[in-house]
Structures are given as C-alpha cells and as structure tokens.
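Trainee: Please take one part of this model and go through it slowly with me. I'd like to see how its pieces fit together, and then what lies beyond it.

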Amino acid sequence: MSIIEVESLTFIYAQGTPYARKALDDVSFSVEQGEFLGIVGANGSGKSTLVQHFNGLLQPTQGRVTVCGRDTSIKEHSRELWKKVGLVFQFPEQQMFADTVADEVAYGLKNLGYPKSEINVRVREALEQVGLDPEEVTGLSPLVLSGGMRRRVALASILVMQPEVLVLDEPTAGLDPQGRDKLLRIIKDLQIKRNTTVIMVSHSLSELITLADRLLVLADGKVVVCDIPEVVLDPKYIPLFKEIGLPEYLRLIYELQEQGVRFDKPVVTFEDAEREIEKLLRETMR
Amino acid sequence: MDQNCIELIGVSKCYQSSSGERWALQEINLKIKQGEFVGIAGRNGSGKTTLARLFNGLILPTAGKVLVNGMDTADRRYLFQIRSQVGMVFQNPDHQIVSPIVEEDIAFGPENLGFPREKVKELVERALKDLGLEKLRNHAPHLLSGGQKQRVAIAAVLAMQPAYLVLDEPTAMLDQQANIQLIRHLKRLRQEYGMTIVLISHHMEDLTFVDRVIVLDKGRIQLDGSPASVFQEINTLERCGLKQPEIVQMADNLRKKGYQVDPDIVNLEQMVEHICRLLKLKV
C-alpha cells in the first residue's frame, strides 16, 4: 500500500514576482508503507523543497501530494499530518532551546497536552531508540553533549511523536565517521523493527546505496530515475552522479571503465567492487 | 631554535564554563615545518579546532607555548606579524567574507597589511587566478555557491601571502565535485609556492593527499606519520572515532588475499594508476 503519493507536483518559489523560480517540475512517484526511500541530488536540485511537501510545510503550486490518503493541501489535515510525518531538518540540533534533554524531547507531546506519566514513558523510549541511556542524559543540558549525541537527541524529539513516516534531510551532515555510522544504523533499525516508512535526503549516494530500498534521483527539480540501486547505477546516469558525489569504490570502478577496463558484473556495493578488482588482479597474475 | 616552523611546546588548553572546566588539549608537542602538507583528523570534539586557533594566536594556550617562526603567540607585539604569516580558512565561508564584491573581498586583507596599491592589485589578480575565480571577480560573494564561496575565502587569505595556510574543515559544506577541486587547488599552491598547508578534516579521503597525518583524540595526539602508516593503525583509528579510507580498506583486503598491492597506495588516483600499470604490463 502506498503511504505517500506525489502526482505531477510542481513548486514555484515567489510565483508572480520577478524572482519566481521553479524548484520542482512535474514530479510524480509514490512511497510504499514500510519502505526506505533515498532521495539524492546535487545542491539546488529541489530535494529539501520536495520533502517539505510531505507534512504540508509547503503546498504544491500544481499537482497533488497525499499522505496516508490525506491531501496535504487541505488545511483540516495539517494537525494530523504533523503527527503522522516526523520531519528532521538539516542540523536539527541548532533548533534546540530547552534546558534539559528531557524537556527538549518532551516538548512536542507537552504541546499536544499529553498526560505527564505518558510523556515520561515515551521520552525514555525515544531516547533508548536512538541509543542514549535515559538515566544518563535526561537531566543534562543538550549543550554539553557531543555533536553526534545532540543530533540523536534531536531525532528522539521527533520519534517521541511516534510518526508513521520519518523524513530526514541530510541527517549525517557534519558528523564524524562513527557518529555517522551509528545514526544510520539507528535509522535503518527504525524501518526494520518498527516498520516506519523512512525517506532520507542526502547529497551523497554512499550512505544511501546500502540502506535504501529505492533511490530517487533529482536534477533541476525533475525526477531522473526512481528505482532500486542496481537500476539507478546504470552507466547512463554516471555523469550525473559524478556531480552529486559517489563513494570512492564506485569512482574507482568508473574511472577504470573510462580507461577501457571492462567489468562483466554490475557493481553496487563495496564488496562487489572488491570482487571485480580481485578478478582483474587475478588476470594480471596469469 | 628553528625559525621556519610552527612549534607547540607542552601546550594545554582549558575552557572554563558554568559546568566546570574542560581540557580541550593536553600536553601537545608538535612541529610543523615550512613546506609541509599536514592533515589533522579527529572526531567531533577531539580538539582539532582548538588546535587550529592556537596556530595564529586567535586563542592562547593555558599552559605551554606556541611559536610561529620563533615568535611567541602570547607576546602581543608579534600578533600582527603572526596573523599575517598564518592564514586561516574556517568551516563556513560566510563567516569570513566581508565585502559585497569578490575582488574587493580579496583585496581587504592585503590593503589592511598596508601594501601599496599596485602590489595589492597584483596580489588580488594572482589569487583570483590561483583559485580560478577570474570570471566571478565582480560577483557578489553571498550569491555564489558554497564551493565558490569557499574559494573566495581561500583567495582572500592567500592574497595576504601567508607562509602557513590553516583550513578548518573546509570541505564540510562542499559537494564532491567542489571538494575534489579544492584539494587540487591546495596541492598546486603547495607545489608552486611551497606553501605550508594544514588541513583539518574528518573526511579521511581528504587526508589521503597530504604528506603527514596527525590524529587527535581526547585532546592528545594519538597518531602522527605518513598517510600510509597512519591508515594501517586500524584499532587506534577506530578508538578515535575514525575509519580507514575505502581505497586503503580495499587494498588491505586484497593484500590479505595474497595479491600484490603497493603499500603506499592510499588514494583513488594511485589505485587507478596501479591497476592500469598492472593491466598494461600484461599486454
């Protein structure tokens, strides 16, 4: 069952002014319940504009976006949409304001008037989901935590709302390699264990290639391709990815191809690349 | 005493805050010689930025000494000279762009150093050329892309002809294309002017192009050596929150399986070259 339907979505910033700019151009696709969709594109390709449509932050200039069967352009749906769709912005920790981690994570539920006892249970649960020990962190100021931990607190403050769809805009930007891996594992776990639908935006293919079920590639506000990684890595899209950014192992394969080396099997993962390079080396030893 | 280097002797730095004191750096002894291309890696909070800011006296050590070409950064008489010797590029170029026009922004530094008009013009021209910004000279910096802005910031520092160029995570905001270009520019500056470059990054791929990698963690130097040797210390890297670059990882795996892969290979270009050489040998 598809949980999100995007039909011929066009979005124009500042329409009717000399600054009008088409950020999305006739975009159509759907997202299945429980799926992990990765959205990639270069800077300015329309990624962030697109995801802001999922909870009604932006309204289509033309076309339609429905989430859980609700049209996002209908105002009466917005309260419900905010609960169903959790949107994690870029650098979410910059928006933190509460004195303690507990207050920060509880903020959304408090606003919705949940009873204190339930809030406490859900805050603990959300912190555990992001791999933080509630005993240890609830009383601390978010400011004393490391960058990676602060990012996870920000994620917890969205998870506490128990969204059906989790949308993340460049969630790993600025994190060191271990912080990045940890966060990605947490996100993947949410999909697998809780069947949360995950939509994740990144300007790099590297982290999405092994996590996402399908990849949607945007360029100049248009959908170039939306399919499983094996299909998206087709040679005809390579020039586009070179601009967006590729993991080193894929750049290795593509640069060798440019030198005239032929590979007989498609390469998607690091292991595939290693296997193909190994084959080459074996040949040279003969 | 060695005059042509940045030298840290027993440097510690402590930050005071309401929640107590925090030692960002402890007992650092380090010498960066002129002409070196040094990479500094470490996880968030490892002390990288603190270290960078000590290099030109933006902050002073709590204990120990920082000497730039023999001048103590704690001695205010030297501060102007030190700052003109050690140029800094910060993570976010928006934080250091001052003028509404690219070439004026680049002229700002040399003008303030009191260079004559003709000299300023010459320095600006060269910096524009070095960073490939000639066509953007009359543009407004704030309307440029992240990568272009970062190049303007570097050009502005370069125009002051510093002996040392310190870049604090300059690639964090860049996409891959811009990142590759930036590294290329840095390599050229080093080759053409013999400029000393200190590149701070936690993208291990950026550090495969330097001569020397220093890994910081918990405010101390954990590793210091050539990229090839540092990237072999898998356990230490992991303890410091870092990972081997993918190419090194692949080269290691292949070696373990008994294939001959040159141990100096740490980056993509070298790997492509190595494999092509092998394939051509066969023909």
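Mentor: We'll start with the sheet of chain B, go on to a nearby loop by its contacts, and finish where the chains meet. Keep in mind that this is a predicted model, with local features needing pLDDT of at least 70, side-chain atom pairs counting only at pLDDT 80 or more, and totals for chains, interfaces and linings using all residues, while side-chain values use heavy atoms and leave out hydrogens and water. Residues are numbered from 1 along each chain as its sequence is written, and chains are lettered from A and ligands numbered from 1 in the order in which they are written.

In chain B, six strands make an open sheet, ordered E6-E7-E8-E3-E9-E10, and the pairing is mixed. (Helices are DSSP runs of H or I with at least four residues, strands are runs of E with at least two, and both are numbered from the N terminus; two strands pair if DSSP finds at least two bridges between them.) At the edges sit E6 (86–89) and E10 (220–225) of chain B, each pairing on one side only. From one strand to the next, the twist averages 20° (axes are lines fitted to C-alpha atoms, for helices over the stretch in contact, and angles run from 0 to 180 degrees between N-to-C directions).

Now zoom in on the E6 edge. E6(B) runs parallel to E7 (residues 164–168) of chain B, and four bridges join them. If you want a place to put your cursor, B:Met88 stands opposite B:Val166 in E7(B). Lying across those two strands is helix H5 (residues 146–158) of chain B, which runs at about 170° to E6(B). Helix H6 (residues 176–193) of chain B also packs on the sheet: H6(B) touches E3 (37–41), E7 and E8 (196–200) of chain B, and its direction makes about 155° with that of E8(B).

What follows E6(B)? The loop between E6 and helix H3 (102–112) of chain B holds B:Ile97. Setting aside neighbours within four places in sequence, B:Ile97 is in contact (heavy atoms within 4.5 Å) with B:Asp105, B:Pro141, B:Lys149 and B:Val152. B:Phe108 is eleven residues from B:Ile97 along the chain, and their C-alpha atoms are separated by 9.7 Å.

Beyond the sheet, there's the partner chain. The contact involves 35 residues of chain A and 32 residues of chain B. Between them the chains bury about 3,300 Å², 62% of it on carbon and sulfur atoms (buried area is the accessible area, taken with a 1.4 Å probe, that two parts lose on being put together, summed over both). On chain A's side, A:Gln178, A:Glu248 and A:Leu281 supply 18% of the area that chain A buries against chain B, more than any other three residues.

Three salt bridges are counted between chain A and chain B (a side-chain nitrogen of Lys or Arg within 4 Å of a carboxyl oxygen of Asp or Glu). A:Asp181 forms a salt bridge with B:Lys243, with the closest N and O atoms 3.0 Å apart. H7 (177–194), H10 (238–244), H11 (248–258) and H12 (270–285) of chain A each supply at least two residues of the side that touches chain B, and the largest share, eleven residues, comes from H12(A).
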